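Thanks for making the time. I have one structure to go through today, so please look at the screen and I will start with the strands.

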Amino acid sequence: FGQTDWIVLDAEEGNVLLLQKEPVEQVQSYHSQRADVTWKECSARTWLNGTYLSETFSSSEQEILVSNSAGKLTDSVFLLSIAEMERYGTLLEQSDYNWWLRTAGDTPETAVFVSPSNQMMEYGYPVDNTDIRLRPAVWVDCTIS
C-alpha cells in the first residue's frame, strides 16, 4: 500500500490500522529544534501529513485513509501513542532503529521512543534528535471499492 510495506495491527468496523514495517529512511526529528513541544505543534506531524503523505500515497489511496482522532486532532498519518504501543507492541518484530511515539516524555523537551527491541523509553529523548526515526501509522477504510 502506498510506496512502502506495512504491518496490520488492528481491524475494526471495516478499517485497518497499519504501521510502516520499518521506520522511514529519511532523517527527520520529532521537532526541528529543541523546544517544549507536543504532537500538535511538532514538525514531524507537519512532515508526515504533508511531504510524506503526498510522496507515499496516490490521490486515490489518500482518499481511503481514515483520519485518526488523537485527542482533538485529526491526522491521516500519525505516530503511535504509548497506549497503542502497549496494545500492539507484541505484534512487532525488532527493528534496526529507535523510533518515536507521539507521546511526550518526562520533561517538556522530550518525546517517548521505542528501542530496536521494542522497549518503550518513557523518559523520552530530546525532540530535536535525528538518530531516532519516524514510524508512520495510518487507518485505512477497506469498505470503499
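How many bridges join β3 to β9? Two, and the strands run antiparallel. In this pairing, Val-66 has Trp-139 of β9 as its bridge partner. Before I go further, please keep in mind that this is a predicted model.

Let me give the overall layout. The protein chain has three helices and nine strands. Along the sequence, the pattern reads β-β-α-α-β-β-β-α-β-β-β-β. The radius of gyration is 14 Å, and the globule rule gives 15 Å for 145 residues, so the chain is as compact as a globular protein of that length. Along the principal axes, the C-alpha atoms fill a box of roughly 45 × 30 × 30 Å. Of the 145 residues in the chain, 52% are buried.

Back to β3 and β9. Both belong to an open sheet of four strands, in the order β1-β2-β9-β3, with antiparallel pairing. The edges are β1, residues 6-12, and β3, residues 65-66. Each of these has a single partner strand, so one side of each is left without a neighbour in the sheet.

Going across from the β1 edge, six bridges join β1 to β2, which covers residues 15-20, and this pair is antiparallel. Ala-11 sits opposite Val-16 of β2. On the next step, β2 and β9 are joined by five bridges, again antiparallel. There, Leu-17 has Trp-139 in β9 as its bridge partner. Trp-139 is also the bridge partner of Val-66.

Is β9 mostly covered or mostly open? This strand, residues 137-141, is mostly covered, with five of its five residues buried. Ala-137, Trp-139 and Asp-141 point one way from the strand, while Val-138 and Val-140 point the other way. Both groups are buried, the aspartate at 141 included.

Now the other sheet. This one is open too, with three strands in the order β6-β7-β8 and antiparallel pairing. At its edges stand β6, residues 99-104, and β8, residues 120-126. Each has a single partner strand, so one side of each lacks a neighbour in the sheet. From one strand to the next, the twist averages 45°. Four bridges join β7, residues 110-114, to β8, and they run antiparallel. Val-114 has Met-120 in β8 as its bridge partner.

On to the aromatics. How many aromatic pairs does the structure hold? Eight. One of them is Tyr-30 with Trp-100, a tilted pair at 5.5 Å centre to centre and 55° between the planes. This pair links distant parts of the chain: Tyr-30 lies in the loop between β2 and α1, Trp-100 lies in strand β6, and they are 70 residues apart. Tyr-30 has a relative accessibility of 1%, so it counts as buried. Trp-100 is buried as well, at 0%.

Another pair is Tyr-52 with Phe-57, which is edge-to-face, with 6.2 Å between centres and 80° between the planes. Tyr-52 is buried at 6% relative accessibility, and Phe-57 is buried at 3%. These two residues also belong to a cluster linked by ring pairs, which contains Phe-1, Trp-6, Trp-47, Tyr-52 and Phe-57.

Two arginines lie over rings. Arg-133 is over the face of Tyr-97, 3.9 Å from the ring centre. Arg-135 is over the face of Trp-99, 4.7 Å from the ring centre.

Last, the cysteines. A disulfide is a covalent bond between the sulfur atoms of two cysteines. How many disulfides does a search of the whole structure find? Zero. Taking two cysteines in turn, is Cys-42 buried or exposed? Cys-42 has 0% relative accessibility, so it counts as buried. Cys-142, in contrast, counts as exposed, at 52%. The cut-off for exposed is over 50%, which is why 52% qualifies.

That is what I had. I can put the structure back up if anyone wants to look at a particular strand or ring pair.

Definitions and conventions:
Residues are numbered from 1 along each chain as its sequence is written. This is a predicted model: local features need pLDDT of at least 70, side-chain atom pairs count only at pLDDT 80 or more; totals for chains, interfaces and linings use all residues. Side-chain values use heavy atoms; hydrogens and water are left out. Two strands pair if DSSP finds at least two bridges between them. Axes are lines fitted to C-alpha atoms, for helices over the stretch in contact, and angles run from 0 to 180 degrees between N-to-C directions. Rings of Phe, Tyr and Trp (its six-membered ring) pair if their centres lie within 6.5 Å; planes under 30 degrees apart count as stacked, over 60 as edge-to-face and the rest as tilted. Buried means under 20% relative accessible area, exposed over 50%, partly exposed in between (1.4 Å probe, protein chains only). A charge sits over a ring if NZ of Lys or CZ of Arg is within 6 Å of the ring centre and within 35 degrees of the ring normal. A disulfide is a pair of cysteine sulfur atoms within 2.5 Å. The radius of gyration is taken over C-alpha atoms; the globule rule is 2.2 Å times the number of residues to the power 0.38.
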